[in-house]
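Student: Please take one part of this model and go through it closely, contact by contact. I would like a connected account rather than a list.

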Amino acid sequence: MEALREPLPATLRITGYKSHAKEILHCLKNKYFKELEDLEVDGQKVEVPQPLSWYPEELAWHTNLSRKILRKSPQLEKFHQFLVSETESVSRFLYICWFP
């Protein structure tokens, strides 16, 4: 039962035109993901997002960050604002929803 109380991890998918998607990916990998290295929020070590191995061209990523932590944590404010500003190009979804 305890496992059911655990928050689901965040998953990001980069969409849109290929050239723009590549720019977004570059920005995420070289700026925002690097800022997450060695970061701890509410006593929990933040897992740097990892690409989903089965999704092409590293355009989908997952991390142990819950939506709540992502929205509420001051340390993640810049990352969250970037995701909000790129709503048309970066979508958040639940990884589990991709399985039949």
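Tutor: In this predicted model, Lys-31 lies over the face of Tyr-32, at 5.1 Å from the ring centre. Lys-31 also has an acidic partner: it forms a salt bridge with Glu-35, with the closest N and O atoms 3.4 Å apart. Both Lys-31 and Glu-35 belong to helix α2, where they are four residues apart, about one turn of the helix. Neither end of this salt bridge counts as buried: Lys-31 is partly exposed, with a relative accessible area of 36%, and Glu-35 is partly exposed as well, at 38%.

Helix α2 covers residues 18-35, and other lysines of this helix make salt bridges too. Lys-18 pairs with Glu-57, the closest N and O atoms being 3.5 Å apart. Glu-57 sits in the loop between β4 and β5 while Lys-18 is in α2, so this salt bridge ties together parts that are 39 residues apart in sequence. Lys-18 is exposed, at 54% relative accessible area, which is over the 50% cut-off. Glu-57 is partly exposed, at 40% relative accessibility.

Glu-57 has a further partner in Lys-22, and here the closest N and O atoms are 3.0 Å apart. Lys-22 is again a residue of helix α2, so its pairing with the loop residue Glu-57 ties together parts that are 35 residues apart in sequence. Lys-22 is partly exposed, with 36% relative accessibility. Taken as a group, Lys-18, Lys-22 and Glu-57 are linked in a network of salt bridges. The structure holds four salt bridges, among them the pairs described here.

Back to the ring under Lys-31. Tyr-32 belongs to one aromatic cluster, together with Phe-33, Trp-61, Phe-79 and Phe-82. Across the whole structure there are five aromatic pairs. One of them joins Phe-33 and Trp-61: the ring centres are 4.9 Å apart and the planes meet at 55°, so the pair is tilted. Phe-33 is in helix α2 and Trp-61 is in strand β5, so this contact ties together parts that are 28 residues apart in sequence. Both Phe-33 and Trp-61 are buried.

Trp-61 leads to the strands. Strand β5 (residues 60-63) pairs with strand β1 (residues 10-14) in the antiparallel sense, over four bridges. In that pairing, Ala-10 stands opposite Thr-63 of β5. Strand β5 is also joined to strand β4 (residues 50-51), by two bridges and again antiparallel. There, Gln-50 has His-62 of β5 as its bridge partner.

Two more members of the aromatic cluster, Phe-79 and Phe-82, lead to helix α4. In this helix (residues 77-85), Phe-79 and Phe-82 are buried, as are His-80 and Leu-83. Viewed down the axis of α4, the buried residues fall within an arc of 160°, so they line one face of the helix. The other side of α4 carries Lys-78 and Ser-85, which are exposed.

To put the part together: Lys-31 is placed over Tyr-32 and salt-bridged to Glu-35. Tyr-32 is in one cluster with Phe-33, Trp-61, Phe-79 and Phe-82. The link from helix α2 to strand β5 runs through Phe-33 and Trp-61, whereas Lys-18 and Lys-22 are linked with Glu-57 in the salt-bridge network.

Key: Residues are numbered from 1 along each chain as its sequence is written. This is a predicted model: local features need pLDDT of at least 70, side-chain atom pairs count only at pLDDT 80 or more; totals for chains, interfaces and linings use all residues. Side-chain values use heavy atoms; hydrogens and water are left out. Buried means under 20% relative accessible area, exposed over 50%, partly exposed in between (1.4 Å probe, protein chains only). The arc is that of the directions from the helix axis to the C-beta atoms. Two strands pair if DSSP finds at least two bridges between them. A salt bridge is a side-chain nitrogen of Lys or Arg within 4 Å of a carboxyl oxygen of Asp or Glu. Rings of Phe, Tyr and Trp (its six-membered ring) pair if their centres lie within 6.5 Å; planes under 30 degrees apart count as stacked, over 60 as edge-to-face and the rest as tilted. A charge sits over a ring if NZ of Lys or CZ of Arg is within 6 Å of the ring centre and within 35 degrees of the ring normal.
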